[in-house]
Structure formats: C-alpha cells, structure tokens
Amino acid sequence: MRAQHTTHPLPAFPVYSCAFVASDQIVVGGGGGAAKTGIKNKLRLFNVSQDRQLKMLCEHELEKGEDAPMSIAAHPESRSFACGINSSEQRLEKGENENCRVFSISDSGNTLTKEATRGTLPSGALEDYQRVTVLSPDGKLLAVAGERDLSLLAYPSLSPVVQPVQVPKGEIYDVTFSSTHLVLATSLNLLVYALPKPSLEDSEKSPKKIKGKQKGKGKEKEVPSRTPSQTPELQLVDTVDIPSVPGALAQSVVTFRAARFHPSDYNTLYAAVNTVAPRVKKSKTAKKQAYILKWRVNLSEENGSTRSISVEGARKAGEGGLTCFDVSPNGKFLAFGSSDYSLGMLDSTTLSPLLSILKAHEFPITTVRFSPTSTMLVSGGVDNSIRIVTVPENFAGQPWTLIILIILTILVIVVAVLLRK
C-alpha cells in the first residue's frame, strides 16, 4: 500500500523543530532565527487529524531578539514540553542565556505558558545553541546539549542531576536513554554513561500536569540549584568508535549523526552515520552517503556478563547526508530526513525500505517525528512547510519480513513436491 501524504505551507515560518504533545496535537518551533530577517520566532500548537488536515490552535511569539526554537521534546504524560531557545544577543553577551525552557499547554489548547528556564550553555558562546533536547522514557530526566556541552536535568524543575559534561573532541548530535544508561552521540564516537540511581530526596514524581503561574507572580518558576560538591559526576562506562560501514566508499570520512534506543528493547540501538568520500578529479563536490546501523547492545554486568556493543546490520539510507532521525513509539519503523530533500522510512527489524518521498521539501529536512500511535509521521523544513504522512496499516500488520518468509516457505514446498515426482 502506498503511503498517503500531504504538504502544508506555513507562510513566513521556517520550521526547525517539532514534537507531538498528544496523538492529535503537535507543537512546532520556527521563525527567522537570531538574524534580523523580519520573520518572527514562534512556537505553534496544531491539531492534526487522521486525514492529515492541520489546524492551528494557538501560537506563542518569542521576545524580540530571541532565537528560533531549535529542538523540542514533549513529556509523555503531562501537557508540557521542553525546548531550546537562545536569549537575545544582548543577554548572551552578558552571560544570561536562558536557553533551556519548559512550557505548559492549557487544557483548552489556546495558551502556551513558560514555566521554568535554565542556562546550560557556556557563557559567552554566542554561536552555540541547544541542538539536543531529549526526555528519558519515564519523563523524569531531561538531556540538553549544545555543540560540546551536555547537561542532565530533572524534569520539570530543570535542577541539575549531575555535573555538566564537556566532550573533549567532536560535536554533539544526539542523546538517547535506556532505563539505566545514556548514550551521547558525537560526530566521532558514542559515549555510554551510567545513569545515576535516584535517591529518595532527589527523585521527582512524573508530573501529571504542570500548573500555570500563580496569580500575582510575574515570573516563571525559580529553579533551585545545588553546589558542585552536592552534584555527582556522570560515569562514563564505554566509548564506541566509528565502525567500518559496509558499502561505504574506500577512505570515506564517517561521522555519527544520530542514535536511538529501541523504545521497548534496550538491547537494540540504532545509529545514523554520514560518509563523505574523497573528492575525485573533475568533480566539484565530494560524494556523500548516509547509512543506518543496527547495534546489539549489552550494558549489564550482572551475573558475570560483559558489556558489549556490536553492529549486526546496516542499510544505505541515501545519497545525501542524513539530517534528522526518529524511531516510532511502537518500535517498528525508522524515519529519516536528508540533505537531498528526501524523506524515508525503514523496517526496524530488517532495515528494509518501506517509504521514500524523493522531494518531500524544497530544502534539507530539519525535523521528523512519529505520532504517539505510530500512525503518522511529520517532517518539517526551512521551506516554510510541514509534511504529514499516514503510515499504512499494512506496514504494522504485514511487514515485508513476514511476506518474504511466506513466499520462501511456499517455494520450498513447491520444490519439494516437484522433486518427489
């Protein structure tokens, strides 16, 4: 069955980030960025229907001079989300960047309210921004990162859980959680950290609903801080270097671009890598390719077992560099956007291609997200549009692996019968 998809133009609204806050609601971040383009930076809340129609419920215009929302993560239970928004250049120069922010959504869906803020990026880093915003599966931990700095915060208070981590080399591109570990994907390696065990004093209950500002209070919630001596360090337990990529051209430069645990099987990890081949004579540009790697992971040391991470499968994803990546909540699909404007989907078990939209956008895709029910996929780009894709039912009910097995079984039976004759 061919996937149906619909493009929705959003005039004067380049899209940089999005996240589903409900099965039929998505928050989208975009705008003209920090440059003085005249295009305002905003957060918009949309209703998304099953027939791929889009209706804006409300929008929140950011303060003058603030950057566009570059990354968003929605809490799995409460009507809230975290996002990365740089403060104005004047505040950045003063070292007052409130880049990490939590917003709540009113029950009516017509108001977005800023609830808490925290600065996590280095003071004076005018070009850095919060490129990574990821919530843990239980919604209690929030990982945010810029180019080289990672912070692990409690959600929704944004109080530090561990001391900040600065990677010595490479750039940070992604973070993914299991129930016991955090994997930080940099351009050069995967850094595996053991999550701190929550104490009775520090543990926070997953918020059912973030309450709005109290009457008479003019500011969002103040975030309590610990002293460095009270905050533990994040324990690095393994470093995974870039493996050889089957099919990549010889002498290619390979970099990690994304990493995600399987949502229900933490022994499976997916990583996206980009390759750049050496430029050949008479060629103006170097050849770029993207690959999805499937890893088998064992991070437990119980009963004498040894930690291990190894590649068990790979699939070429396209001829351009991969720009964004997501795994469906049901764990069956992998989606990716590319610099060649294409949108693709793979079967998570076999890495077989399921969907390819060659020109999903007019510019490189900036964000892809599955709905909580895994029945819709949304992509966005700076071409002022988002595309809504309906995930066909036969993807979930009759995966290609099952069809292939049935065909092979029939062929074996036919051959056996013919041989007997």
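**Exercise 1.** Determine how far the sulfur of Cys324 lies from the closest cysteine sulfur, and what this says about a bond.

*Solution.* Begin with the model itself, which is predicted, so that local features need pLDDT of at least 70 and side-chain atom pairs count only at pLDDT 80 or more, while totals for chains, interfaces and linings use all residues. Residues are numbered from 1 along each chain as its sequence is written, and side-chain values use heavy atoms, with hydrogens and water left out. The closest cysteine sulfur to that of Cys324 belongs to Cys18, at 8.7 Å, which is too far for a bond. A disulfide is defined as a pair of cysteine sulfur atoms within 2.5 Å, and by this rule the count is zero.

**Exercise 2.** Decide whether Cys324 is buried or exposed, and do the same for Cys58.

*Solution.* Buried means under 20% relative accessible area and exposed over 50%, with partly exposed in between (1.4 Å probe, protein chains only). Cys324 has 9% relative accessibility and therefore counts as buried; Cys58, at 7%, also counts as buried.

**Exercise 3.** Describe how strand β18 is joined to strand β19, and place both in their sheet.

*Solution.* Strands are DSSP runs (E, at least two residues), numbered from the N terminus, and two strands pair if DSSP finds at least two bridges between them. Strand β18 (residues 253-261) runs antiparallel to β19 (residues 268-276), with eight bridges between them, and a hairpin of six residues connects the two. Among the bridge partners, Phe256 is matched with Val273 of β19, and Phe261 with Leu269 of β19. The open sheet holds four strands in the order β18-β19-β20-β21, with antiparallel pairing, and its edge strands are β18 and β21 (308-318), each pairing on one side only.
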